[in-house]
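Let's take a walk through this model together, helix by helix. Keep the viewer open as you read.

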Amino acid sequence: MSTLTALTGSTFRLSSFQLKLIGILLMVFDHIHQFFPNDVPIWFTWIGRIVAPIFLFASAEGYYYTRSKWKYMLHLYLGYVLMGIISMIIQRQLPSEHVLINNIFGTLFLAVLYMFVIDWFINSIKARKYVQMGAAIIAFILPIVLSQVAMQFLTSSAIGNPVLFNLFMYGNLLIPVPTLVEGGYVFIILGVLFHLLRYKRSWQVLALVAVSVFIAWMSHFELLAEFQWMMVFAAIPIALYNGTKGRNMKYLFYVFYPAHIYFLYVLAYLLEK
């Protein structure tokens with residue numbers, strides 16, 4: 001029985017497919033406001049705050065059920081790389097005041113990667129395979145080290161060197177690091193918590209609430225100025241999840257996510273002319 005059902009007595013449930021549809025719909029609202037901020041009310045992006053937790057939750061479920069965890073991670077990684085390359089090309093061909101910074105694939109990839117690494121480490125301990133344990137620790141630390149290197153570069157004078165800057169930008173197209181993906185460490189940790197707590201739906205909801213409160217605290221509780229904390233309302237659809245897959249439209253998100261962003265970018269570009 002889900003947390004929400006225990007509280008309300010409702011028998012309404014959502015499959016994974018229906019969860020993703022909710023996320024996709026609200027994602028469109030969010031990005032419409034992103035590209036047309038002067039013409040679209042702010043509440044479009046408020047309701048869009050619940051999208052990231054929904055897809056982090058869905059990714060944790062997808063990771064658990066997938067037959068090939070390596071292939072699952074590869075799909076997310078390729079989504080990150082291809083979207084980065086296409087975004088760079090579009091911005092060069094159609095320069096605009098808008099910046100194509102959207103690429104949630106990097107966040108989802110790192111979250112799933114850490115799910116895999118943590119499972120790898122736990123299984124190595126149980127099997128007393130110390131070499132694998134050490135490899136898992138290195139895999140855990142490496143993205144963090146790369147993040148620190150990236151931040152050091154961005155805060156150093158080397159950023160003014162066009163050759164080094166281009167190398168950094170191309171490197172970032174191929175290697176997502178926690179500090180530079182959407183949501184950063186906070187979203188990655190939330191995704192991992194969804195995985196570690198998957199047998200305790202109430203604990204998953206509490207993890208989301210705790211992370212949302214942390215975000216509000218980091219913004220000094222300026223709740224209308226910094227409204228990422230509103231992702232706490234993703235607790236409602238997550239609590240209603242029934243544990244089933246629903247319709248099998250495996251690649252819907254992979255295609256729709258970049259397609260609608262590029263459509264809105266091009267539309268905004270044309271309207272600027």
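A useful yardstick to begin with: the expected span of a helix is 1.5 Å times one less than its number of residues. Helix 12, residues 252-272, has 21 residues, so its expected span is 30 Å, and its end C-alpha atoms are indeed 30 Å apart. The yardstick also suits helix 5, where 25 residues should span 36 Å and the end C-alpha atoms are 36 Å apart. Helix 9, with 13 residues, reaches 19 Å from its first C-alpha to its last, close to the expected 18 Å.

**How far to trust the coordinates**

Please remember that this is a predicted model. The mean pLDDT of the protein is 92, and 96% of its residues reach 70 or more. Among the elements, helix 9 (residues 184-196) has the highest mean pLDDT, 98, and helix 1 (residues 3-8) the lowest, 45. Over residues 1-9 the pLDDT is below 50, and this stretch has 13 contacts in the model beyond near neighbours in sequence. Where pLDDT is low, the predicted coordinates should not be read in detail.

**Helix 9 and its surroundings**

Now turn to helix 9, where G184, F187, I188, L190, G191, V192, F194 and H195 are buried. Which helices help to cover the buried residues of helix 9? The cover includes helix 4 (51-65), helix 6 (104-127), helix 10 (201-218) and helix 11 (235-239).

Two packed helices are described by the angle between their axes and the distance between the axes. For helix 6 and helix 9, the axes come within 8 Å and cross at roughly 45 degrees. Helix 6 and helix 9 are therefore oblique to each other, and their crossing is right-handed. On the helix 6 side, T107, L110, A111, Y114, M115, I118 and D119 take part, meeting F187, I188, G191, V192, H195 and L196 of helix 9.

Helix 4 has a residue worth clicking on here: F57. With a relative accessibility of 1%, F57 counts as buried. F57 and G191 are 134 residues apart in sequence, yet their C-alpha atoms are 6.3 Å apart in space. Not counting residues up to four places away in sequence, F57 touches L19, F194, R201, Q204, I238 and Y241.

**Helices 5 and 12**

In helix 5 (69-93), the buried residues are Y72, M73, H75, L76, G79, Y80, V81, M83, G84, S87 and I90. These pack against helix 4, helix 6, helix 8 and helix 12.

Helix 12 has its own buried set: F253, Y254, Y257, P258, H260, I261, Y262, L264, Y265, A268 and Y269. The cover over these residues includes helix 2 (16-35), helix 4, helix 5 and helix 6.

**Helices 7 and 8**

How are helix 7 and helix 8 oriented, roughly parallel or roughly antiparallel? Helix 7 (residues 130-154) and helix 8 pack at an angle of about 150 degrees, with their axes 12 Å apart. That makes the two helices roughly antiparallel, because angles over 145 degrees count as such. Helix 7 passes helix 8 in a left-handed crossing. A150, F153 and L154 of helix 7 meet L164, F165 and F168 of helix 8.

**Three loop residues**

Between helix 8 (162-174) and helix 9 there is a loop, and P176 is found in it. The C-alpha atoms of P176 and Y80 are separated by 8.0 Å, although these residues lie 96 residues apart along the chain. Leaving aside neighbours within four places in sequence, P176 is in contact with Y77, Y80, G106, F109, L110 and V181.

R128 and F221 also sit in loops, R128 between helix 6 and helix 7 and F221 between helix 10 and helix 11. R128 is not a glycine, yet its phi is positive, near 55 degrees. F221, likewise not a glycine, has a positive phi of about 55 degrees.

How buried or exposed is each of these loop residues? The table sets them side by side.

| Residue | Relative accessibility | Class |
|---|---|---|
| P176 | 6% | buried |
| R128 | 64% | exposed |
| F221 | 46% | partly exposed |

Technical notes:
Residues numbered from 1 in each chain as written. Predicted model: local features only at pLDDT ≥ 70, side-chain atom pairs only at ≥ 80, totals over all residues. Heavy atoms only, no water. pLDDT = per-residue confidence, 0-100. Helix = DSSP H or I, 4+ residues; strand = E, 2+ residues; numbered from the N terminus. Contact = heavy atoms within 4.5 Å. Buried < 20%, exposed > 50% of the residue type's maximum accessible area, 1.4 Å probe, protein only. Axes fitted to C-alpha atoms, helices over the stretch in contact; angles between N-to-C directions. Parallel < 35°, antiparallel > 145°, perpendicular 65-115°, else oblique. Left-handed = near helix turned anticlockwise from the far one by under 90°.
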